[in-house]
Amino acid sequence: MSIQKKKPSLFRTADGKSFLLPFVFITSLFLLWGFAHGLLDVLNKHFQGAFTMSKAESGLVQFVTYIAYFLMALPAGNFMRRFGYKKGILCGLTLFGLGSFSFIPAVMFHSATPFLIALFVIACGLCFLETAANPYSTILGPPESGAQRLNLSQSFNGLGWILGPLIGGMLIFNAGEGDSFALARPYILIGIVVALVTLAFCFIRLPEIKTEVIREAFPGGAEPKGEGAVVPLYKRPSFVRAVIAQFCYCAAQTGIFSFFINYVTEMDPQISNVRASQFLAFGGMALFMLGRLSGSFTMRWLKPSKLLFLYALASIVCMALVMASAGRISLYALYITFFFMSIMFPTIFALGLEGMGGQTKKASSYLVMSVAGGAFSPMLMGYIGEDNMATGFIVPLLAFGYILYFAWQFKAPVGK
């Protein structure tokens, strides 16, 4: 009697192996780093009052975070190639937890510097987690459903972006005046969760990520042949434009997220910081998550480059309305921008890698490093908008302008 193989599903392969439990834990990492990033936008506003910082100076919150990604992207990849992805996850979680609990002694110094150092350590850990979690999420099941699993994991990342400003705003902005532990509370909470997740990862079994599995999950990585096989990346105009576009997108996204609360409270002084953080969570971040989910369906019948062009154009219009300070119209335009910019990062990333062949991994590294755009834009926006936050939004407006140009100029490689 022959043994009938079970029908493969999202988390079960044809030979009967189930990866549901490992997938749940890997997906929890997406939620955790989304929450950590969502908290930054609350810290930006709080630092201005707690440490008497200008808007430009409070941009250091984002600077130390995104510069850590820039500095750690290559070391994280090298670490995992040498020691494996599971050890990379454990290293990332350890740094994440260490940085979170560092907020406790940082409170005693009554200075922003210890908090910024703690944020840098957290970001180094997040870089490790992001480097490992994306490929892991993809291989935990049949190769043909890898993209579906990755999209599912990324939806929990969007949930983290919503919970970050919501919980952070309640714990920080609702604290009494002079409560020195206000900044530490959300990070103590996340530190405890990270410690429990780290302990769980020590005992769960994760499959090793092998080269041939990655090749099945991410097709198109074969060595290029024929003419153009040795063309350096910097001589590929479409790729160079993609790197610049990704830099611009990260600059726009980080700047908008960072000064959302500032803009809302300046436009309507009756809105409290707590209320503004709730608007950021349920208004902006919810639309951001909805935009990513709907965008993946829209791309079934509309080319990604065309959708990117339309969304970039809509974002420019929204930013112009934000700068106009036209009351509720400007506020609604700011909310709607979250929807239109939601698909930009993954879309630019995918377009930038088209036709890369054997240079895919190297090209991917440069696209990841371009998140450094988020390190500089908050300080620039804060400097321009010190007296009137609306004027600072010229920075994301110009950034969306370049993304519009990238989408307009994009041409798929021959054979695509």
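What follows is a chat about the core, the helix packing and the salt bridge of a predicted model.

Student: Before we start, what kind of model is this?
Tutor: It's a predicted model, where local features need pLDDT of at least 70, side-chain atom pairs count only at pLDDT 80 or more, and totals for chains, interfaces and linings use all residues. Residues are numbered from 1 along each chain as its sequence is written, and side-chain values use heavy atoms, with hydrogens and water left out.

Student: Cool. Which residues touch the most other members in the largest nonpolar core?
Tutor: Ile26, Leu29, Phe47, Ile89, Met344 and Ile403, out of 128 residues in that core. A nonpolar core here is a set of buried Ala, Val, Leu, Ile, Met, Phe, Trp, Tyr and Cys residues joined through side-chain atoms within 4.5 Å. Buried means under 20% relative accessible area, exposed over 50%, and partly exposed in between (1.4 Å probe, protein chains only).

Student: And which helix gives the most to this core?
Tutor: Helix α6, residues 112–139, with 16 residues. Helices are DSSP runs of H or I, at least four residues long, numbered from the N terminus.

Student: What is leucine 29 in contact with, leaving aside neighbours within four places in sequence?
Tutor: Ile89, Leu93, Leu129, Ala133, Val197 and Phe201. Contact means heavy atoms within 4.5 Å.

Student: Let's do helices. At what angle do α1 and α4 pack?
Tutor: About 30°, with the axes of α1 (residues 20–50) and α4 (residues 85–101) 13 Å apart. Axes are lines fitted to C-alpha atoms, for helices over the stretch in contact, and angles run from 0 to 180 degrees between N-to-C directions. The two helices are therefore roughly parallel, a label for angles under 35 degrees, while over 145 is roughly antiparallel, 65 to 115 roughly perpendicular and the rest oblique.

Student: Which residues meet there?
Tutor: Ile26, Leu29, Leu32 and Ala36 in α1 meet Ile89, Leu93 and Phe96 in α4.

Student: How about α15 and α19, at what angle do they cross?
Tutor: Roughly 40°, and the axes of α15 (residues 344–353) and α19 (residues 394–409) come within 12 Å. That makes α15 oblique to α19. Met344, Ile348 and Leu351 in α15 meet Phe400, Ile403 and Phe406 in α19.

Student: Switching topic: how many salt bridges does the structure hold?
Tutor: Just 1, between glutamate 266 and lysine 55, with the closest N and O atoms 2.4 Å apart. The pair links distant parts of the chain, helix α11 (residues 260–267) and helix α2 (residues 55–58), 211 residues apart. The criterion is a side-chain nitrogen of Lys or Arg within 4 Å of a carboxyl oxygen of Asp or Glu.

Student: Is lysine 55 buried or exposed?
Tutor: Lysine 55 is buried at 5% relative accessible area, whereas glutamate 266 is partly exposed at 35%.
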